[in-house]
Amino acid sequence: MSFASVRTSLATALTDNTKWQTFAYPADAPTSNSVIITPGSPWVEPLTISNKSVRVNYRIKVCVNTADNQGELTKLEDNITRLIELMPSWAVLKSVSAPQELQVGTAYLTVSDIDVEVAVSF
Amino acid sequence: MATTILNGGTLTLTINAIARSEQITSAVLTVELTRNAYNLIGGTKAFKVVDNNATLAIEAMQDWTSGTSDFMDALWLASATPDTSIPFVLTCNSQTFSGSIFPEYPTVGGSGNDALTWSVTFQCAAVPTKA
């Protein structure tokens with residue numbers, strides 16, 4: 001199993017076209033209502049003896065439009081709830097960050113980060 | 001002589017002739033000697049080893065699956081006959097340590113925000129041999 005296949009599998013599992021657009025890679029220009037799979041930090045850590053398995057960390061960015069506080073927070077909560085429902089059993093949910101504002105060009109997005117880890121064997 | 005720095009990447013472990021390095025996150029083989037000290041007249045001491053004990057401590061991922069080939073199932077089945085030892089081979093930088101351990105039931109479960117792991121200290125049947 002390769003890192004790329006894990007990342008794309010994670011993106012596939014977290015796809016919900018009725019709620020957001022899913023990017024399996026850092027998007028050039030994040031859009032509102034998008035879910036973006038990015039590497040975490042540290043990205044890869046040794047896990048087992050003989051280095052046969054490693055722990056790969058991912059940071060999933062959940063982006064919603066910055067409109068009014070109540071509306072964007074509710075939208076963010078809905079999307080995070082759905083993402084937790086969609087999280088595959090082989091991915092371990094670590095934490096969800098508080099929302100932060102992200103400026104993209106002249107637009108603003110409200111973004112929360114979901115940190116997950118996946119054990120990968122070679 | 002230059003020091004050879006080793007890390008866990010040089011370790012491999014087989015249990016019952018099956019490689020388990022993909023599940024095991026830590027493996028430590030320890031041999032302890034019971035050494036008695038005797039105070040002799042004249043102020044000197046004499047030492048005598050009267051016993052020894054070897055253990056193999058491991059930390060591992062829980063890889064429960066429906067099959068019987070995974071580490072957890074194999075240990076659970078082997079633990080049904082806990083007095084029957086099973087062979088192991090631990091290598092460290094191509095140095096081989098061979099012996100037998102008595103199986104232990106693995107633990108099941110863990111916290112919700114972490115990968116499921118478990119740890120155990122196996123009793124060795126005898127001091128392992130080094131090749």
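This passage describes a sheet in chain B and some backbone features of chain A in a predicted model.

Residues are numbered from 1 along each chain as its sequence is written, while chains are lettered from A and ligands numbered from 1 in the order in which they are written. Because the model is predicted, local features need pLDDT of at least 70 and side-chain atom pairs count only at pLDDT 80 or more, whereas totals for chains, interfaces and linings use all residues.

Chain B has an average pLDDT (the predictor's confidence in each residue, from 0 to 100) of 93, and 98% of its residues score at least 70. For the complex, the predictor gives an ipTM of 0.78 and a pTM of 0.85.

In chain B, an open sheet with antiparallel pairing is formed by three strands in the order E3-E4-E7, where strands are DSSP runs (E, at least two residues) numbered from the N terminus and two of them pair if DSSP finds at least two bridges between them. Strand E4 (residues 45-61) of chain B is joined to the antiparallel E7(B) by seven bridges, and Ile58(B) has Val120(B) in E7(B) as its bridge partner.

In chain A, the peptide bond from Ser41(A) to Pro42(A) is cis, with omega near -5 degrees, and Pro42(A) lies in strand E2 (residues 34-46). Most peptide bonds are trans, and most residues other than glycine have a negative phi. Asn33(A), in the loop between strand E1 (21-23) and E2 of chain A, nevertheless has a positive phi near 55 degrees. Asn51(A), in the loop between E2 and strand E3 (53-65) of chain A, also has a positive phi near 55 degrees.

Methods
Helices (H or I, at least four residues) and strands (E, at least two) are DSSP runs, numbered from the N terminus.
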